[in-house]
Amino acid sequence: MSQYYLIPKKLARAYPALGRAAQWLEAVAFRFLFWFIKLFPPEYATGVAATAFGWVGPRSLKARKADTNLAIAFPEQSAQWRQQTSRQIFQHLGRSAAELILLDRIWAEREQRLEFVLQDKARAHIENKDAAVFVTAHVGAWQVTNLLAARYDLSVSTVYAPESNIAMREIMLKLRQSLGVKLIATDAGVRPLIRELHNGDCIGLAMDTRLDSGQLVPYFGRDALTNTSAARLALRSGATLMPIRGESLGKARFRITVYDPIVSSDPDASMDEQALDITRQINQCFESWIRDTPGQWICLKRRWPKAHKL
């Protein structure tokens, strides 16, 4: 989540008191929104949130980032298509926020709302409760994928980025605790993740965002700084690496699919080479999901190096 929504970041840095006031107002607004959403059934609540975010989002500074990312990923599409898709992205962001707020209700009504699909090799690993690295992208119902842990009685630790908006940090942490998984902050480093895998447990990573310390890996045909830690953790620990996708089926219904493991094309290569190869395969998997539903790709931060800015 961004540090500021109501005012530009440069203005907040120039006037710290104004920045603190803006963060406080944002926290109040989000608390009210979350309270309001909980008053309604999931079908209606997600629709209300989509409408609100779809109206506000395209008028925010984040709309420009979405447009730039869409232009790089879909260079064949028109400006009008990007504008329409950007609005869909903000609408989907609203739905995703409502889904997180109502996740406990979605799980309680899982027989009507959730469908789990496991590919053959993935099913074998999950039923054996093998240590695994689950990777996903901010596409579709990515937060709902955490319910796999409850469905198959898995011990899963999910990595999350604490909000830069300090006023929102506690609010979002309480929401994430409804995911039914252990939470590990990104600033905790890799040691807790290695420990979980060595204990035979699982970890979950959403790894489609830019990592400034990452490596350049092709993404939609252009090199992008990419997090290779999922591949490295799997290689170091011997854990299975599997993509997991959450799809929104409409009316607060979801399909969670776990794909067969991604493995190195050359097991005799160095760890660095294998990690890059596996990460390329992961990016290709994410690309296919985004092409399926570009309006459900939460791409509100810069993804490619600034040299690729259009």
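**View A. Helix α11 lies across four strands in this predicted model.** Helix α11 spans residues 191-198 and crosses β2, β3 (156-160), β4 and β5 (202-206). Its direction makes an angle of about 145 degrees with β4. P192, L193, I194, E196 and L197 of α11 are buried. These buried residues pack against β2, β3, β4 and β5, and also against α12 (229-237). An α-helix has 3.6 residues a turn, so residues three or four places apart point the same way. Just after α11 comes G200, with a positive phi of about 85 degrees.

**View B. Seven strands make an open sheet.** The strand order is β1-β9-β8-β2-β5-β3-β4. Pairing in the sheet is mixed. Strands of a sheet pair through backbone hydrogen bonds, either parallel or antiparallel. Which strands stand at the edges? They are β1 (114-118) and β4 (182-185). Each has a single partner strand, so one side of each lacks a neighbour in the sheet. From one strand to the next, the twist averages 25 degrees.

**View C. Edge strand β1 pairs with β9.** β1 and β9 (residues 253-258) run parallel. Five bridges join them. L114 stands opposite F254 of β9. Helix α8 (residues 120-127) lies across β1 and β9, and across β2 (132-136) and β8 (240-250) as well. The angle between α8 and β8 is about 110 degrees.

**View D. T257 sits in strand β9.** Is T257 buried or exposed? T257 is buried, because its relative accessible area is 7%. Setting aside residues up to four places away in sequence, T257 touches V117, P243, I244, R245 and E247. E115 is 142 residues from T257 along the chain. The C-alpha atoms of T257 and E115 are separated by 8.4 Å.

**View E. R151 is placed over two aromatic rings, those of F116 and Y152.** The charged end of R151 sits over the ring of F116, 5.9 Å from the ring centre. R151 also lies over the face of Y152. Here the distance to the ring centre is 4.5 Å.

**View F. Aromatic rings form pairs and a cluster.** How many aromatic pairs does the model hold? The count comes to 13 aromatic pairs. One of them joins F40 and Y44. Their ring centres are 5.0 Å apart, with 55 degrees between the planes, and the pair is tilted. F40 counts as partly exposed, at 21% relative accessibility. Ring pairs also link F74, W81, Y219, F220, W297 and W304 into a cluster.

**View G. Cysteines C202 and C285 are in no disulfide.** The disulfide count is zero. For C202, the nearest cysteine sulfur belongs to C285, 18 Å away. A disulfide needs the two sulfur atoms within 2.5 Å. C202 is buried, at 2% relative accessibility. For C285, the nearest cysteine sulfur is that of C299, 17 Å away. C285 counts as buried too, with 15% relative accessibility.

Definitions and conventions: Residues numbered from 1 in each chain as written. Predicted model: local features only at pLDDT ≥ 70, side-chain atom pairs only at ≥ 80, totals over all residues. Heavy atoms only, no water. Pairing = 2+ DSSP bridges. Helix = DSSP H or I, 4+ residues; strand = E, 2+ residues; numbered from the N terminus. Axes fitted to C-alpha atoms, helices over the stretch in contact; angles between N-to-C directions. Contact = heavy atoms within 4.5 Å. Buried < 20%, exposed > 50% of the residue type's maximum accessible area, 1.4 Å probe, protein only. Phe/Tyr/Trp six-rings, centres within 6.5 Å; stacked < 30°, edge-to-face > 60°. Lys NZ or Arg CZ within 6 Å of the ring centre and 35° of its normal.
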